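Here is a short tour of how some helices sit in this model. Have the structure open as you read along.

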Amino acid sequence: MELTVAQLEALTELINIGYGRAAAALSELTGRRIVLDVPKVAVFPIAKVNAALSEVLHGEVASVHKVFSGPVSGNALLLLDQEAAMLLNSLLLDQPPTGRLDATAREALIEVGNIVLNACLGVFGNLLQVQVTFAVPRLQLESVGSVLGSISVQEEELQYALMVHTRFRLKDSDVSGYLVIVLGIASFARLLSELERWENRQITV
């Protein structure tokens, strides 16, 4: 199942709207101007996601993981390597990097992940006019393979992942990470169907 250019552009536009909301929420939370760059979106069969992520994320990663359900259901993750997680926390908390993720740093990461994931998934729900509910986010610190190995989507065998390159710009620094949304084939097909309806509504407005 491959996306057309129009579908990929529409998905990128939706996620960018979510990024705008997330950046505004993070800026308000921290009192600092935070910018999230226009995202780069790609779609992979779940079997190829590990290899794709392993090329850009090495060693142990920090992942904020959130399950969502409704007509479109799945797992959403914000993934940062250790260096990016430390830098993001030092920028957000306005303190030097500590070299470890203590309780305060973990809470800050979960809050950032929660804001980004909620904003993007919320846009999916609002603009595609489908009801999406969220579970409580949780933080994991392990390898990319272990993180992905713990994911299942309603026991559907065939799964796809939207992989979105994320770049936070804060002060004179920027932090790269990846937003991954894993969907079973039924949810992925529903997403594409709703996306087409949304595009048609945009044309007629």
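## Helices in the predicted model

Helix α1 and helix α4 cross in a right-handed sense. The model is a predicted one, and in it the two axes come within 8 Å, crossing at roughly 140°. Angles over 145 degrees would count as roughly antiparallel, so α1 is oblique to α4.

If you would like to colour the contact, α1 contributes Leu11, Leu14, Ile15, Ile17, Gly18, Tyr19, Arg21, Ala22, Ala25, Leu26 and Leu29. From α4 come Glu111, Val112, Ile115, Val116, Ala119, Cys120, Val123, Phe124, Asn126 and Leu127. By class, 17 of these residues are nonpolar, two are polar and two are charged.

The helices discussed here have these boundaries:

| Helix | Residues |
|---|---|
| α1 | 5–30 |
| α2 | 46–54 |
| α3 | 82–93 |
| α4 | 103–127 |

Next, have a look at α3. With 12 residues at 1.5 Å a residue, α3 should span 16 Å, and its end C-alpha atoms are indeed 16 Å apart, so the two values agree. Its buried residues are Ala84, Ala85, Met86, Leu88, Asn89, Ser90, Leu91 and Leu92. Asp94 follows the helix and has a positive phi, near 55°.

Finally, over to α2, which holds Lys48. Is Lys48 buried or exposed? Its relative accessible area is 53%, and the cut-off for exposed is over 50%, so Lys48 is exposed. Lys48 is 12 residues from Leu36 in sequence, and their C-alpha atoms are 26 Å apart in space.

Note on methods: Residues are numbered from 1 along each chain as its sequence is written. This is a predicted model: local features need pLDDT of at least 70, side-chain atom pairs count only at pLDDT 80 or more; totals for chains, interfaces and linings use all residues. Side-chain values use heavy atoms; hydrogens and water are left out. Axes are lines fitted to C-alpha atoms, for helices over the stretch in contact, and angles run from 0 to 180 degrees between N-to-C directions. Helices (H or I, at least four residues) and strands (E, at least two) are DSSP runs, numbered from the N terminus. Angles under 35 degrees count as roughly parallel, over 145 as roughly antiparallel, 65 to 115 as roughly perpendicular and the rest as oblique. A crossing is left-handed if the near helix is turned anticlockwise from the far one by less than a right angle, and right-handed if clockwise. Contact means heavy atoms within 4.5 Å. Ala, Val, Leu, Ile, Met, Phe, Trp, Tyr, Cys and Pro count as nonpolar, Asp, Glu, Lys and Arg as charged, and the others, Gly among them, as polar. The expected span of a helix is 1.5 Å times one less than its number of residues. Buried means under 20% relative accessible area, exposed over 50%, partly exposed in between (1.4 Å probe, protein chains only).
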